[in-house]
There are 2 protein chains.
Amino acid sequence: MNNFIYSIPTTAYFGKGQIKVLGETIKAHGGSRVLLAYGGGSIKKNGIYDAIIEQFEKAGLAHVELSGIQPNPRIESAEEGIELYCKNNCDFILAVAGGSTLDACKAIAAGVKYDGPVGDLFVGESGLSDIRAAAPLATILTMAGTGSEMDMGAVITVGEDHKKKVLMHPLVNPRFSILDPEYTYTVLEYHSMAGVADILCHLMEQYFTPDVGAKVQDRMNEGVMKVVLEDAPKILANPKDYDARANIMWASSMALAGFQFLIGKPTSPFPLHGMGHELSSRYDMTQGVTLALLTPAWMRHTMSAAPEHLPLFARFARNVLDIHEEDDAKAAEEAVRQLQEFYSAIKMPANLREAGVKEEDLEIIAGKAVENGNLGILSPIGKVEVLQILRTAFIG
Amino acid sequence: MNNFIYSIPTTAYFGKGQIKVLGETIKAHGGSRVLLAYGGGSIKKNGIYDAIIEQFEKAGLAHVELSGIQPNPRIESAEEGIELYCKNNCDFILAVAGGSTLDACKAIAAGVKYDGPVGDLFVGESGLSDIRAAAPLATILTMAGTGSEMDMGAVITVGEDHKKKVLMHPLVNPRFSILDPEYTYTVLEYHSMAGVADILCHLMEQYFTPDVGAKVQDRMNEGVMKVVLEDAPKILANPKDYDARANIMWASSMALAGFQFLIGKPTSPFPLHGMGHELSSRYDMTQGVTLALLTPAWMRHTMSAAPEHLPLFARFARNVLDIHEEDDAKAAEEAVRQLQEFYSAIKMPANLREAGVKEEDLEIIAGKAVENGNLGILSPIGKVEVLQILRTAFIG
């Protein structure tokens, strides 16, 4: 096992009705004037907005609003938020959000304490940003998937070519997150399932790293993956299945906070996210969908390019999917087949073509993906390899 | 799943050589005059003491020493520490310890900030103590088992009848813990394996609670139990197996911090610890040994007294021990048999008689055990039931 530091800066208030702690907890963190950020306004229909305002009033908190933050948020949204925060002398940020609004708010939190353009604080796909201070931030999660509610990362789209850049620092970890599974009841099926694909990918990208004997982390990861595979179809069958929603929501948080990320294993460059970002930027595809499409292709590529890691894929097959097959190669191949079946069962597109990707773009996408930095973890991945993975994913 | 708050106040510095952060990290937590507490003095033979003093000197920290804290620590040790801390104007406590010294130090941390006898702060087997402030505390773990390095609990022996009392509050969570698996290389085989039994019991006592669909927690728990069962024998075979020592050490911490304790499941009254305390008080037995002896008897009792929970034991059999048996009762019974085999393989005594317990004491022990508060979680446990469990464990 590698050395590591285990530090969990975010407190989660998990379960139905936990919004009751909102006002007092913001005050306990020094907030009095809140920048309230949200996306498309669905929170005004499902009662969450009213519950927040009630909490603000009870606790005597003032607020200003930043609404309309789009999926795959752009840096301009963060800049707008920074201006609003400063002009109104805010001292706290509340993101009511899936991953996108929350990511924009992390940029706002860092940007309001930085003398210069917030874009300076973004790096490529890995490494810590040079952040010295950040405004306190909390979140009320409205969609499970990105894990942003418990982690230190934010992904923002920058520039005319829609480049995705990463900001990463423990100072932008939310101070607290309110995780109420009932708030996800009304998330569209497609987005719920894209979130599931995202969670599964976070777990897999940290699982498929060179084996260093970190068995506690790997076994815990296997356990969470099993739950995701078992409970996602239950949400399809009944969107108001509380325990299934709760398990998927907690899996989302656990995948990036608590026992996996940077804990005693080689640091994953998140190759699937690296490639997926280029697809979601170019076609405005939901991130989770890109991951569902790329994962089987990446697995097949890696199993072939780095057969020395076949035991890792076979272990996944046996421990997560209960595949009883002694031959490693056959077990691994069967695992990929079953994963594809799972993605199909949760209604992901069958391949990149079906998802609207154009074959003639693949080479450009491959070129841009490798500009984001290293994508290799079990085997080297350059432009040639990305293109091969994209071509496999194109036909599915 | 039940509602919960997830908050991890302790930072872990895990891995070989992590002592290098000691001096600066104490300073970062405001320490300048350290009460250095340890047990029997083995740290002077294995180099840990010298490494600590070097860190103190580099960082310019003064210190006073409290040595000789015994296993199953008594409240008098804590009182001595409180006096020493106050007389020397200390502002930080460092416990170099397995669980016992650390537990005494948690009592010291709370006691130095309390106007009255520290005994006031101890409660029975559950519930938070009335603690308003505590001195900052850190630990360097020298034996894996109790999980005290990452949790908010301390167990102290009080009075002439050796009553074990519990102090519990997040304010006594260590600010940080240094977990270097190499420090456990020289722990005696018997104590290493008693530690393993303790870890396994912490996991089981949180696993065997009424099923509320908290699958993420349960699956993670199963994963950690699997690792404990797999890696403990590796330590027996080679006490310097780094990865096995690392996995057992991290399992110890994870069992009580991070994903299980008070997280979304019915709160366990830790019935096995409740009964075990009476045995370890009366005979000065190592805690883990009492747990290894009581667990199979408790399982058999509960399976028979509360057959409605058989599916839980059968799930344990299938998911942790890979027992392929469709009948729940048979699967559960086979699990108990395999557990007993495991305890035997890690050289625990076969039964209470072999461990030196006197048959004529069983009734008194049962009476004292139930004085500690509720012990029932899957089925009610009063004096009659404890006596039945003790009698089963007596013959093994």
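The following dialogue concerns the reading of helix packing and domain contact in a predicted model.

Trainee: What are the mean pLDDT of chain A and the ipTM of the complex?

Mentor: Where pLDDT is low, predicted coordinates should not be read in detail. Here the mean pLDDT of chain A is 94, with 99% of its residues at 70 or more. For the complex, the predictor gives an ipTM of 0.95 and a pTM of 0.96.

Trainee: At what angle do the axes of helix H9 and helix H13 of chain A cross?

Mentor: A pair of packed helices is described by the angle and the distance between their axes. In chain A, the axes of H9 (residues 287-305) and H13 (residues 383-395) come within 8 Å and cross at roughly 125°. H9(A) and H13(A) are therefore oblique to each other, and their crossing is right-handed.

Trainee: Which residues of H9(A) and H13(A) meet?

Mentor: From H9(A), A:Leu293, A:Leu294, A:Ala297, A:Trp298, A:Arg300 and A:His301 meet A:Glu385, A:Gln388, A:Ile389, A:Thr392 and A:Ala393 of H13(A). By class, this contact comprises six nonpolar, three polar and two charged residues.

Trainee: How is chain A divided into domains, and how many residues of each are in contact?

Mentor: Chain A has domain 1 (11-183) and domain 2 (189-395), whose C-alpha centres lie 27 Å apart. Contact involves 21 residues of domain 1 and 29 residues of domain 2. On the domain 1 side, the elements giving two or more residues are strands S1 (4-14), S6 (153-158) and S7 (163-168) of chain A. The residues on that side of domain 1 divide into eight nonpolar, eight polar and five charged.

Technical notes: Residues are numbered from 1 along each chain as its sequence is written. Chains are lettered from A and ligands numbered from 1 in the order in which they are written. This is a predicted model: local features need pLDDT of at least 70, side-chain atom pairs count only at pLDDT 80 or more; totals for chains, interfaces and linings use all residues. Axes are lines fitted to C-alpha atoms, for helices over the stretch in contact, and angles run from 0 to 180 degrees between N-to-C directions. Helices (H or I, at least four residues) and strands (E, at least two) are DSSP runs, numbered from the N terminus. Angles under 35 degrees count as roughly parallel, over 145 as roughly antiparallel, 65 to 115 as roughly perpendicular and the rest as oblique. A crossing is left-handed if the near helix is turned anticlockwise from the far one by less than a right angle, and right-handed if clockwise. Two residues are in contact if their C-beta atoms, placed from the backbone, lie within 7 Å. Ala, Val, Leu, Ile, Met, Phe, Trp, Tyr, Cys and Pro count as nonpolar, Asp, Glu, Lys and Arg as charged, and the others, Gly among them, as polar. pLDDT is the predictor's confidence in each residue, from 0 to 100. Domain bounds come from an automatic or database domain assignment.
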